[in-house]
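Here is a short tour for anyone with the model open on screen. It goes from a helix crossing to a shared sheet, and then to the places where chains and domains meet.

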Amino acid sequence: MSKLITKFLLPYVALLGFIDPVHAEGIVTDLSKHEVAIRSNFTGADILVFGAIERAGDSASTGPADVVIEVTGPETTETVRRKDKVSGIWMNYEATRFERVPGFYAVLSSRPLENIAPASLLKVEQLGFNNISFGKAWSSVLGGEENLRTPDEVAPFSTAILRSRAKDKLYVADSNGVVFMGDTLFRASIPLPASVPVGLYTVKVYLLRDGHVVDAISSPLLIAKSGVERVIYRFAYGQPFLYGIVAVLLAIFAGWTAALIFREH
Amino acid sequence: MQIYLPIAELSINIFLLLGLGGAVGFLSGMFGVGGGFLLTPLLIFSGIPPAVAVGTQANQTVASSISGALAHWRQGTVDLKMGLVLLVGGAVGSFLGIYVFGLLKSVGQVDLLISLSYVLFLGVIGGLMLIESVRAIIAERRGGGATARRSNHHNWVHRLPFKMRFRKSRLYISAIPPLLLGTLVGMLVAIMGVGGGFIMVPAMIYMLRMPTNVVIGTSLFQIIFVTGLVTVLHSVQNQAVDVLLALLLLTGGVIGAQFGARAGEKLRGEHLRLLLGLLVLLVGARLGYDLIATPDDMFSLSGGLG
């Protein structure tokens, strides 16, 4: 499917970009693959994003072009807990629940974001670690009542998400991640770690010039468990009771087989 | 070689898992114990989420107990009636344990519950084993030879109502103590994922005064059903049973147990118990240290439902 798009549709899209007077300048991009299958030997993957800048008649445009690639994974509710010492033991004390936390986030650019666009634009487009929105934040103590908090009040909790996800390579920022080949061709490699969450991702490619967004294109990317992993996962969540029964039967069978094998010797 | 575990949702070295299963299998073959109380903490140390470690361990215990239970069944060393009474208690305890587990999971304290339970039980069991084995060794050095004290006096167990006759155990006692014992062990299975033989066996001998020849068989009989039930309950409530992880641990476990059993024959009983006691204390101490040492990161993330 994606191959079809590349082969037949892209030239037309490019042509449209070329002659459209409103978009004096545009980009065409595609991904090396639109689907990633997680199997038992999955240790991570790299997705290649490539594309070209399509220029209007006067090729001598002002200033350098910048490409920023933003990859956002599926959003979930995430609870961050802060430990406190209670009678000598460290236990989870205060908790903050964020409503929309992307499971994966990567922002790649050809030079540091702050040099590409003003802070106000980065904030509006939610580009960069400091500008990701985690949705509404609710705080509670030891499972008690939840209270709505402002982003500033829960800043230590949201930075904890950034820190933890960055450590697990689930949040990535790379200001050298987009490589230009000549003036118009560019490519970037998005590193997906082994623990990458499954779901529908959005890959958004921005073309900026002089601190303004000139063009932006979104492409979907599906990450799904596949093979035995998919079967086990779906079974466990879809039919939990039956899954439990099968797990027990499997254990009985395995234990019994093992006993038979070793009795032979 | 890495393998992706579908329920634990992480990629882990397959040889580490086989090795862990094998090492614990070796120990359980050598000492004649289930090994779940060592394997669960080791899984937690290697990064498996505690809830998945517990649920999967219950599943793995079904497999590792089945051959022993079958052997005892064929030899006729299972007190079926006693086993069923314990099982009724065990079922009640499993549901209670799962309820507490779910309750604490919803407020983010389930890891603490698991750790505290392990520290408590590993500490007590390890300590008792250590003291007992050291005493036995000292008594033997003095030449006296330890005499097993087993009084024939009736204890409080014999004064309770609802008496039942357990022919195989040659007992006529109240059904309340075995029911309560079953309930306690059922709770432990649900919360810790272990078979609970380390509580069940001593309690059957010293509290219920069952003859030692039917103790192991009866304990294994009810362990299979209770761990089976707990596996299903953990699947339904927490989706925390990873069959792939269980199979890998089991594979390592059965192989390790064969070598362990041979190694165990060369060591003396009290020395074995001394070693095991030290090992149990060591694992408990490590878990306990993690509870009181200042964590590297005060913040922790728990996924959507956590």
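A crossing of two helices is called right-handed if the near helix is turned clockwise from the far one by less than a right angle, and left-handed if it is turned anticlockwise. With that in mind, please look at chain B of this predicted model: α1(B) passes α9(B) in a right-handed crossing. The axes of helix α1 (residues 14–31) of chain B and α9(B) come within 5 Å, crossing at roughly 40°. Angles from 35 to 65 degrees fall outside the parallel and perpendicular classes, and α1(B) and α9(B) are therefore oblique to each other. The contact of α1(B) with α9(B) contains 20 nonpolar and 13 polar residues, with no charged ones.

Next comes a sheet that involves both chains. Its five strands form an open sheet in the order β9(A)-β8(A)-β6(A)-β5(A)-β5(B), and the pairing is antiparallel. At the edges stand β9 (147–149) of chain A and β5 of chain B; each has a single partner strand, so one side of each is left without a neighbour in the sheet. From one strand to the next, the twist averages 30°.

Two of the strand pairs can be set side by side:

| Strand pair | Bridges | Direction |
|---|---|---|
| β5 (residues 75–86) of chain A and β5(B) | four bridges | antiparallel |
| β6 (residues 89–102) of chain A and β8 (residues 137–141) of chain A | five bridges | antiparallel |

Which residue of β5(B) is the bridge partner of A:R81? That partner is B:S300. Within chain A, A:T96 stands opposite A:S139 in β8(A).

The contact between the chains takes in 49 residues from chain A and 46 residues from chain B. On the side of chain B that touches chain A, the elements supplying at least two residues each include β1 (2–5), β2 (10–13), α8 (212–238) and β5 (299–302) of chain B. The largest share, eight residues, comes from α3(B). By class, this side of chain B divides into 26 nonpolar, 19 polar and one charged.

Finally, chain A has its own internal contact. The domain assignment gives domain 1 (2–225) and domain 2 (226–265) of chain A, and six residues from each of these domains enter the contact. On the domain 1 side, β2 (35–38) and β14 (212–225) of chain A are the elements that give two or more residues. That side has three nonpolar, one polar and two charged residues.

Technical notes:
Residues numbered from 1 in each chain as written. Chains lettered and ligands numbered in written order. Predicted model: local features only at pLDDT ≥ 70, side-chain atom pairs only at ≥ 80, totals over all residues. Contact = placed C-beta atoms within 7 Å. Nonpolar A, V, L, I, M, F, W, Y, C, P; charged D, E, K, R; others polar. Pairing = 2+ DSSP bridges. Domains from an automatic or database assignment. Axes fitted to C-alpha atoms, helices over the stretch in contact; angles between N-to-C directions. Parallel < 35°, antiparallel > 145°, perpendicular 65-115°, else oblique.
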